[in-house]
Amino acid sequence: MLNQIKEATEFIQKRIAAKPEVGIILGTGLGDRMVEEIEEPVVINYNAIPYFPITTVATHKGQLIFGKVHGKSVMAMRGRLHYYEGYTMHQIALPIRVMHMLGVQYLLVSNAAGNVNLNWRKGELMLLEDHINLQPNNPLRGENFEFFGERFPDMSEPYSKELNKKLLRIAKKEKINLHTGVYAAVQGPSLETRAEYRYLRTIGADVVGMSTVPEILVARHMDLTCCAISVLTNDCDPDNLHRVELQQIVDTAATSEKNLVKLFTGLIEQL
Ligand code: HPA
């Protein structure tokens, strides 16, 4: 596995000019506007990189984009890998480990999520303060690679308080309504039943989604400084639940993307 990561890293290093400091993962329906912010972009398709998994979801392009934002070297994953697509957790972990090998120290993650906190509305944004992992697997299961981190990585602060403080300050200045709360990660791909949304609220989740947590676990194992923002794409009121279509999730994410971009670019400026 280490050899695969090294080979993928070396392949990329030959094609980029600067060592990226900031990694960005773009979630469902998110990405187009953020990518526009990346100057002097170098694009590498996942399918060109040795051992890189290829994304299967139509709404996700499989590209790494390298370039600059506010003078800082960044790399963005346009098109993320979900466990429900059938990838192993090791495949999902690989790009994050490659990011780290390339030099990334900060990981900024976005996702589309269902809103189970009924005080909030779809279209709004939530900063992850914590998470609940309900996925049936963990990318750190199996042999531990001491090279990357310890056997039992601490999770007392998966999302950096320091970065979150900066993001909340930027949100206030930009007049963006940014909630703070707990993300529950489920396997999917089926959406939740009314009873499941009720259960998620009861156990302390504010939003629910099918991504982010595996990447954060791998990143924290390597001691990357992380933050994540959810775009609330659908309201999950168990007593008044409407049919949800993927297109609606994608469209809602797209309309909220400009605020997400302001938050991420504002944060990168301050790193
Ligand atoms: N449930 C799980 N994942 C999601 C949802 C949802 O309601 N909306 C967007 N991603």
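Student: In this predicted model, which residues of helix 7 do Leu-163, Lys-166, Leu-167, Ile-170 and Ala-171 in helix 4 meet?

Tutor: Let's take the contact as a whole first: its residues divide into 6 nonpolar, 2 polar and 2 charged. On the helix 4 side sit the five you listed, Leu-163, Lys-166, Leu-167, Ile-170 and Ala-171. Across from them, the helix 7 partners are Lys-262, Leu-263, Gly-266, Leu-267 and Gln-270.

Student: What is the orientation of helix 4 to helix 7?

Tutor: Two packed helices are described by the angle between their axes and the distance between the axes. Here helix 4 (residues 161-173) and helix 7 (residues 246-270) have axes that come within 9 Å and cross at roughly 125°. Angles of 65 to 115 degrees count as roughly perpendicular and those over 145 as roughly antiparallel. The crossing angle therefore makes helix 4, relative to helix 7, oblique.

Student: And what is the handedness of the crossing of helix 1 and helix 3?

Tutor: Start with the geometry: helix 1 (residues 2-13) packs on helix 3 at about 55°, the axes being 9 Å apart. The two are therefore oblique to each other. As for the sense of the crossing, helix 1 and helix 3 are right-handed.

Student: How many charged residues does the contact of helix 1 with helix 3 have?

Tutor: Helix 1 brings Gln-4, Ile-5, Lys-6, Ala-8, Thr-9, Ile-12 and Gln-13, and these meet Leu-94, Arg-97, Val-98, Met-101 and Leu-102 of helix 3. Sorted by class, that contact has 7 nonpolar residues and 3 polar ones, and the number of charged residues is 2.

Student: Which helix gives the most to the largest nonpolar core?

Tutor: That core has 44 residues, and Ile-12, Leu-64 and Leu-107 have the most contacts inside it. The top contributor gives 6 residues, and that's helix 3. Don't mix this core up with another one lying apart from it, which has 30 residues, including Val-22, Met-34, Leu-163 and Ile-176.

Student: Is Met-99 buried or exposed?

Tutor: Met-99 lies in helix 3. Skipping neighbours within four places in sequence, Met-99 is in contact with Gly-23, Ile-24, Ile-25, Met-75, Met-77, Val-104 and Leu-107. Buried means under 20% relative accessible area. Met-99 has 0% relative accessibility, so it counts as buried.

Student: How far apart in space are Met-99 and Leu-241?

Tutor: Along the chain, Met-99 and Leu-241 are 142 residues apart. In space, going C-alpha to C-alpha, the distance between Met-99 and Leu-241 is 39 Å.

Notes: Residues are numbered from 1 along each chain as its sequence is written. This is a predicted model: local features need pLDDT of at least 70, side-chain atom pairs count only at pLDDT 80 or more; totals for chains, interfaces and linings use all residues. Side-chain values use heavy atoms; hydrogens and water are left out. Axes are lines fitted to C-alpha atoms, for helices over the stretch in contact, and angles run from 0 to 180 degrees between N-to-C directions. Helices (H or I, at least four residues) and strands (E, at least two) are DSSP runs, numbered from the N terminus. Angles under 35 degrees count as roughly parallel, over 145 as roughly antiparallel, 65 to 115 as roughly perpendicular and the rest as oblique. Contact means heavy atoms within 4.5 Å. Ala, Val, Leu, Ile, Met, Phe, Trp, Tyr, Cys and Pro count as nonpolar, Asp, Glu, Lys and Arg as charged, and the others, Gly among them, as polar. A nonpolar core is a set of buried Ala, Val, Leu, Ile, Met, Phe, Trp, Tyr and Cys residues joined through side-chain atoms within 4.5 Å. Buried means under 20% relative accessible area, exposed over 50%, partly exposed in between (1.4 Å probe, protein chains only). A crossing is left-handed if the near helix is turned anticlockwise from the far one by less than a right angle, and right-handed if clockwise.
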